[in-house]
Amino acid sequence: MITAAVPERENYLNYKYGIKSWLLTKDHKRIGLLYLFTVTLFFCLGGAFATMIRIELLTPQGNFVSSETYNKLFTMHGVAMIFFFLIPAIPATLGNFFLPMMIGARDLAFPRINLLSWYLLVIGGLFSLFAMLAGGVDTGWTFYTPYSTTYSNSWVIATALGIFISGFSSILTGLNFIVTVHRMRAPGMTWMRMPLFVWSHYATALIQVLGTPVIAVTIILLFCERVFHIGIFDPTLGGDPVLFQHMFWFYSHPAVYIMVLPAMGIVSELVSVFSRKPIFGYQFVAYASMAIAVLGFLVWGHHLFVATESVYSALVFSFLSYFVAIPSAIKVFNWTATLYKGSISFATPMLYAFGFIGLFTIGGLTGLFVAALGFDVHVTDTYFVVAHFHYIMVGGTIMAYLGGLHYWWPKITGRMYPEGWAKLSALIIFLGFNLTFFPQFILGYLGMPRRYHVYPDEFQVLHVLSTAGASVLAVGYLMPMVYFIWSLRYGKVASANPWGATGLEWQTPSPPPVHNFDVTPIVTHEAYDYSTVIGQEVEVG
Amino acid sequence: MANDAHAHAQSPALRVQFDTETQQKDASTLGMWLFLVTEVMFFGGMFLVYTVYRHAYPGIFAIASSSLNVYIGAANTIVLLCSSFTMVLAVRAAQLGQRQAIILFLILTLVLGGVFLGVKAYEWNEKFQEHHIPGSSFHFEGMQPDEQAHAQLFFSLYFAMTGLHALHMVIGVGVLLFLIRQAQKGKYSAEYMTPVDIGGLYWHFVDIIWIFLYPLLYLIDRHLKG
Amino acid sequence: MDKLPLFPEQASTFAPGVDHLTYFLLAVAVFFTVLIFCTIFYLAIRYRRRSDKELPHAPHGGMALEIVWSVIPFGITMVMFTWGASVFFNESRPPDNAMPLYVVAKQWMWKIEHMEGQREINELHIPLGRAVRLTMASEDVIHSFYVPAFRVKQDVVPGKYSTIWFQPTKPGKYHLFCAEFCGTRHSGMIGWIHVMEPQDYQRWLSGGAPEGTLSESGQKLFTDLACSNCHKADGTGRCPSLEGLFGKTVQLANGAKVVADEAYIRESILHPAAKIVAGYQPVMPTFQGLVTEDGVLQLIEYIKSLGPKPVVGGGGALGK
Amino acid sequence: MSEHIDSVRTYALVFAALITLTVVTTAVAFVDLGPFSVVVALAIAVCKALLVALFFMHVRYSTGLTRLVVLGGLLWLLILLVLTMSDILTRSWVGVPGR
């Protein structure tokens, strides 16, 4: 069904064509799309590695790949997924695209730095890709010393350099967001009228700016130790391997909040729009994002409970880890309360939001499990922890990312996605995900260690279930890639505000003009005041 | 609206995404301060490692740090403080729009920065001759083999921290060259002097890092050797 | 070993404690998960959108509710914290009369040495009902000694000792895993813990024909490395006498006092200059690289035997 | 921020203070103060850093936001140092190796 050729209005997609117009663009919307392309590539790469890992674990004996290859597979799965998909995904694609529009700005504060941050991610990605093709790295995405500095003979330096460079991409994005939110809000857009999407990205930017430099210097020291053997992390020369773990996790724990906070921002938008009701407890949800960003820096020691960390330090970190759980609980309760007396539509983005709230609740609660010292001693470095962080990363961040993509697709491309297929794929993803990762909780408590190429026979049934779930999940992820591309050509032409949403980004045509707003909007009402949009025709969910 | 069209006609240096001059200047200044915070955390990682190992091996670190030439360190600190002084005078000249003064003070800062790097290179060369460069040729006389490793740890931290600081000085020299060229082309006036201002912030920050490096590396437990 | 176990065996004094904590955590998790899921289902169905024009005017804020669902979860988490911490504190301090054993982890095997001289690779035979304390060292990278059935795990970090203790309560064969990624055959670095009745254990102990107890091989090493030239029994040599050193508080040259435990003796062998005993010169050369981790353990065992005999009590369940 | 311009005299005074503090800290280092030598050295360094920041970097009359950013940076550095040292300093307090 070819839609009638509506007269082409000039927008950010068709005002200039050609490679140079994309590779040298300073428009935050185009840079958002460049990021979308890059992170999707790395998601596919990481997904391929995950598939091979799951196939290997079908049988207790290691008969699909050798143990060296298996160690490289789970390492590259971790590196590709974390540093090149989860950390950049939401902030750099949807955040880049919509943060300026939501606060009524024409662009980010530093457009050229925004383009530079994309190039840094691509260059870092190429380094890691080179390392993967040249032979792979087998230290685990955590690069624990002294294995990574003395005993591993794989491409540690190339991968570490890739992560080092992509770290600066994250720093620059964070810096750009903070300055934009502080200095470029439209008149009338007070802090308490900003959409919660912007609040969560502001909190994420704080973590990116304050945390990422520490892993940058840690990688420099790892580089020096591996090349010059100067003993910073080498115990035979007086170094302390546990110090590396402290510096690594100082960044890497807040990094998990870099991955989940933007997802929470999306869910706050979706729950409010599809219940047609302001979010319950706006300021609590907003300050909860800030609390997570701040408290997230005090808890990293819970990764070292059994790593010969001192008992008293472990007590302190376990105690603080429970503080960071409270803001997440507040958010979940506020989302649920928003549904009360709402007008709830079941469009695909809302299904993803429900999926997020459900799975993030399980992920968060198991976080409370592993924060308890006595319990963590038994389950750390087992599949219980693998299941915990996949529930939050895959069940949470990727679900919300897909929900956000579906929600803003009409604004980005001017086309609607096919509702029927989208709902089907959301359901497949939900089922496939649970079948993949719930058995791993049981495996973990049984004592199945992480990163094992060979395992005792009694764990095989649970592994087979998990692999079955992984194949269902893979199908679920392939479907959106297909119908999103299909919708570019054949999707229904989208109106400016198909969902009846209240954000400033919906007051521009779809796809938006080059400078977002012909006239800088004046904001007069609260963040989610739906009385202003009633009467516009709305997509029936 | 009226204010959009009006703003852009006002001054060519105003970027399209900003509405007013002060908004752009505040944004640039906030951006630079945030960048300096990332630098604080960047050097912070190094200071942490130094603190941990100074606590672990106080004796050997004291002997090794006492082998550094404290007079060169002090002289270098004073050179860097002078360059900070001339830099702030350059920023002040920019605020007043005195084009000649900006160029003069920027060149002075550049020269002093060069002197600092020169002295640092001399110091490193002296270390090279004394075989204090970490690696296979490292040897610190009068120490047991396992103490050699701990002394080598001190010198690897010494070279890592002063090396990182020197790298930031080199970047600073690059920034100064850029500022001088722009100033000569008359780009900076009392209304538009943001690049000089944030260039100054960066230079002063690199100076503050050295203000902490100097006592930590050169002075602590200096009295042991006298 | 049936084909689909869903819950690990309880084979140590810790296991019931950890499992009770797990049941509590599970109960809280199930409660909140069911609460959230049911609330969402009910509200989503009850307030589904019936027409496009409806605009709900519902309350969207409530301080009381916010306080309720932040204080109550905080209270629950504090219970979790204290319960978890008490179990952890128990696991971190071995009883004094625990049977000492030495573990040396090296890339991809566990070498375990008994006091009586038995050496085992990837196998550990221990008597039922007797607390066991393992002092562990690594020769290369970080490993992690993990026995799921005992609910215990402790990383073995190269360059220092780490300690783990447990008291088995059920005879049988239990998995031993390495839980910290350590290289190519990380998944091959596994083994078995054999918990035996005390009399079977004694028979197994006497069965093996070790070439001398640990302290005897330590004594041989002590003379081979010429330690006895300086460390004379009567203290006349240039170095302190080691008689009765283990467990004693040593006065250092810089005025500090330190208890001479395994870690102190190991450090004095590998980095002698780190802690100089008061009244002595730092003349001792380092033995880093001259003696392996096993050698250091044997020397420690020998130095222990020089002092007053540590109370080698009989069996008896002392554990909790 | 450009409306408030300090006089050269102010800058010269601050500069002189910085030089004297450098000389003082170097001299004090030769005197054996035991554990206090570290404290004194760092205290003088903090004073010099404050002088540079407040006067040379105009933090004295800059916006509250800038001061918040500066304080935030220092606070996060403190978090890194204090919590890591909380582990390093309390090792084997329970008298058990590795705990």
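Q: Two strands pair if DSSP finds at least two bridges between them; which residue in E8(C) is the bridge partner of C:Val132?
A: A word on the setting: this is a predicted model, in which local features need pLDDT of at least 70, side-chain atom pairs count only at pLDDT 80 or more, and totals for chains, interfaces and linings use all residues. Residues are numbered from 1 along each chain as its sequence is written, while chains are lettered from A and ligands numbered from 1 in the order in which they are written. Strands (E, at least two residues) and helices (H or I, at least four) are DSSP runs numbered from the N terminus. In E8(C), C:Leu134 is partnered by C:Ile164, and the partner of C:Val132 is C:Phe166.

Q: How many bridges join E5(C) to E8(C)?
A: Strands of a sheet pair through backbone hydrogen bonds, either parallel or antiparallel. E5(C) and E8(C) run antiparallel, and the number of bridges joining them is 5.

Q: Which are the edge strands of the open sheet in chain C?
A: Five strands line up as E3-E2-E1-E5-E8, with mixed pairing. An edge strand here pairs on one side only, and that describes strand E3 (119-121) and strand E8 (162-166) of chain C.

Q: How many residues of E8(C) are buried?
A: Buried means that 20 or more other C-beta atoms, placed from the backbone, lie within 10 Å of a residue's own (12 or fewer is exposed, in between is partly exposed). C:Ser162, C:Ile164 and C:Phe166 point one way from E8(C), C:Thr163 and C:Trp165 point the other way, and all are buried. The strand is mostly covered, with the buried count at 5 of 5.

Q: How far apart do the C-alpha centres of the two domains of chain C lie?
A: The bounds, which come from an automatic or database domain assignment, give domain 1 (99-207) and domain 2 (214-306). Residues in contact (C-beta atoms, placed from the backbone, within 7 Å) number 10 on the side of domain 1 and 8 on the side of domain 2. On the domain 1 side, strands E1 (99-106) and E5 (132-138) of chain C each give two or more residues. The two centres are separated by 26 Å.

Q: Which helix gives the most to the side of chain A that touches chain C?
A: The contact takes 76 residues from chain A and 77 from chain C. Nonpolar residues are Ala, Val, Leu, Ile, Met, Phe, Trp, Tyr, Cys and Pro, charged ones are Asp, Glu, Lys and Arg, and the others, Gly among them, are polar. The chain A side has 49 nonpolar, 20 polar and 7 charged residues. With 14 residues, the helix that gives the most is H10(A).

Q: How many residues of chain C are in contact with chain B?
A: Chain B brings 4 residues to this contact, divided into 1 nonpolar, 1 polar and 2 charged. On the side of chain C, the number is 6.

Q: Why does A:Phe49 count as buried?
A: This residue lies in helix H2 (residues 28-56) of chain A. Beyond four places in sequence, A:Phe49 is in contact with A:Leu73, A:Met76, A:His77 and A:Ala80. A:Phe49 counts as buried because its C-beta neighbours inside 10 Å number 21.

Q: How many residues does the largest nonpolar core have?
A: Such a core is a set of buried Ala, Val, Leu, Ile, Met, Phe, Trp, Tyr and Cys residues joined through C-beta atoms within 7 Å. Among those with the most contacts inside it are A:Ile357 and C:Val103. Not counting residues up to four places away in sequence, A:Ile357 touches residues including A:Val267, C:Ile36 and C:Ile40. The residue count of this core is 361.

Methods:
Contact = placed C-beta atoms within 7 Å. Pairing = 2+ DSSP bridges.
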